[in-house]
Amino acid sequence: MILVAYKVRSTMLNKLLYMETFGCQMNVNDSERIVTMLADLGYAPTNDPAASDMILLNTCSVRGGAEEKVYRRLANLRIYKRDGKKQIIAVGGCVAQQEGEELLRKLPYLDLVIGTHNLHLLPEMVRGAERGERRSETTFIDNDQRLDLFPSIKGESRLSRFVTVMQGCDNFCSYCIVPFVRGREISRRSADILTEVRQLADDGVREVILLGQNVNSYGLKTESEPTFAELIRQVAEIDGIDRIRFTTSHPKDMSDELIACFGDVAKLSGQIHLPAQSGSDAVLKLMGRGYTRDSYLAKVHKIKTLRPDIVVTGDIIVGFPGETDADFEETLSLMEQVRYIDLFSFVYSPRPGTKAAELSDDLPRAVKMARLDRLMELQRRHTGEISQTYTGSVMSVLVEGEGKFPGQVSGKGEIGRIVNFPGDSSLIGSIVDVRIIKAYPNSFLGEL
Ligand code: SAH
Ligand code: SF4
Ligand code: F3S
């Protein structure tokens, strides 16, 4: 869960918005957009639910129990509700998309349910709720009209910003709810993306993170748009943007053309998130991932050949229906071969309406948990070993703000990790060389 506390420039802020964000970066990005949209209605963000005039949960339903979690969280938050004064309660994100009106029926105190394609309606919905109206909007917009509804965030400049390049997903991996809650894949017009990046560069942004559920299939549905590799090259030409990252990629769409960018686009980050999900061909097939263990490893190998210093992060699902001990060993051996710097691992959780939910899932929970423990243990070792290799090395760090302790500043190195080091706040906004003196599990301590 991520607490949102963005700064918003406005003189007319007389109401308070308390928001909690769950799930992936699309939700984080949507939350940023919500903050700027609601600033126009006079709402400023707060971290105090008790003082707020509106509570909004931006939810995720990628794993089971998501609805119950929302009910529990709202029940807890409502304890704070002040007597007498109207407080708007809203649910957005993927649980909202999935449950729709049902949420309004189940929770009499809930005012608004806003789906993943309907954020543009939020201002009028909030105005209605201020007059006591309850409303749910969860219509998918799967036509070109959606191209004009892509998030473009105004407001306080920061040095690193997300830029949405595509939304939705057509992959329908057998376990995954995302295509059902985010709709069909649609790529934003490249002209709009480049205009936004140029604008951000003019505002002082130095790093852009190209965002989507599956960015590397960008443009493949539209003849007239560039491929993702071409788009990266166009973004790289924009003066002022020094770093480009992207998230998230599907290994099957990691084309040679895109891999080549790691060889010659100097602005491209030294980290890539490439979720394998499993190291077993049998499981990958059941997951409908469209690649094999060998083809995945071959792609990682090609990227590492072009960029020997690249770090790889990934996602793994443990305990997929039918996963045998041997399948699981294959996953551990894939991890040994790739050596991820960080790995997000999840126990498989059946989602209603997905293909995998129909498979028999009779592996005892204790076995799944034991596998997860082993996998996490191995990952801790890899993270520790890889992190240690950076001690003594010099990293170029984009200084983004104050550090963890007084007198420190903090930023990201090329590999995406946080680096804290003693320094003056005048360094914020610059890219400086920092020597790493200590490696922690999730960050580095350095010196200028
Ligand atoms: N589009 C991204 C993934 C979005 S979901 C991609 O393809 O990489 C983020 C992660 O949640 C997935 O990579 C997967 O590891 C995990 N996940 C998705 N559905 C799941 C399920 N039903 N059970 C457990 N983990 C799941
Ligand atoms: Fe889900 Fe697969 Fe799409 Fe990722 S690519 S969002 S895992 S269906
Ligand atoms: Fe969760 Fe929705 Fe993202 S289900 S992972 S918030 S697209």
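The following exchange covers helix packing, one sheet and one ligand shell in a predicted model.

Residues count from 1 along each chain as its sequence is written, chains are lettered from A and ligands numbered from 1 in the order in which they are written. In this predicted model local features need pLDDT of at least 70, side-chain atom pairs count only at pLDDT 80 or more, totals for chains, interfaces and linings use all residues, and side-chain values use heavy atoms, leaving out hydrogens and water.

Trainee: Are helix 7 and helix 8 roughly parallel or roughly antiparallel to each other?

Mentor: Helices (H or I, at least four residues) and strands (E, at least two) are DSSP runs, numbered from the N terminus. Axes are lines fitted to C-alpha atoms, for helices over the stretch in contact, and angles run from 0 to 180 degrees between N-to-C directions. Helix 7 (residues 190-202) and helix 8 (residues 228-236) pack at about 30 degrees, with axes 10 Å apart. Angles under 35 degrees count as roughly parallel and over 145 as roughly antiparallel, with 65 to 115 roughly perpendicular and the rest oblique, so the two helices are roughly parallel.

Trainee: Which residues of helix 8 meet helix 7?

Mentor: Contact means heavy atoms within 4.5 Å. From helix 7, the residues taking part are S190, I193, L194 and V197. Their counterparts in helix 8 are L231, Q234 and V235.

Trainee: How many charged residues has the contact of helix 9 with helix 11?

Mentor: The axes of helix 9 (residues 256-264) and helix 11 (residues 293-306) come within 8 Å. D256, I259, A260, F262 and G263 in helix 9 meet K299, K302, I303 and L306 in helix 11. Ala, Val, Leu, Ile, Met, Phe, Trp, Tyr, Cys and Pro count as nonpolar, Asp, Glu, Lys and Arg as charged, and the others, Gly among them, as polar. The contact thus has 5 nonpolar and 1 polar residues, and the charged ones number 3.

Trainee: Which are the edge strands of the sheet in the order 13-14-15?

Mentor: Two strands pair if DSSP finds at least two bridges between them. The open sheet has 3 strands with parallel pairing, and 6 bridges join strand 14 (residues 311-318) to strand 15. Pairing on one side only marks the edges, strand 13 (271-273) and strand 15 (342-347).

Trainee: In strand 15, what is the bridge partner of G314?

Mentor: Strand 14 and strand 15 run parallel. The partner of G314 in strand 15 is L343.

Trainee: How many nonpolar residues has the shell around ligand 2?

Mentor: A residue is near a molecule if one of its heavy atoms lies within 4 Å of it. The residues around ligand 2 include C169, F172, H250 and R289. By class, 3 are polar and 1 is charged, and the nonpolar count is 7.
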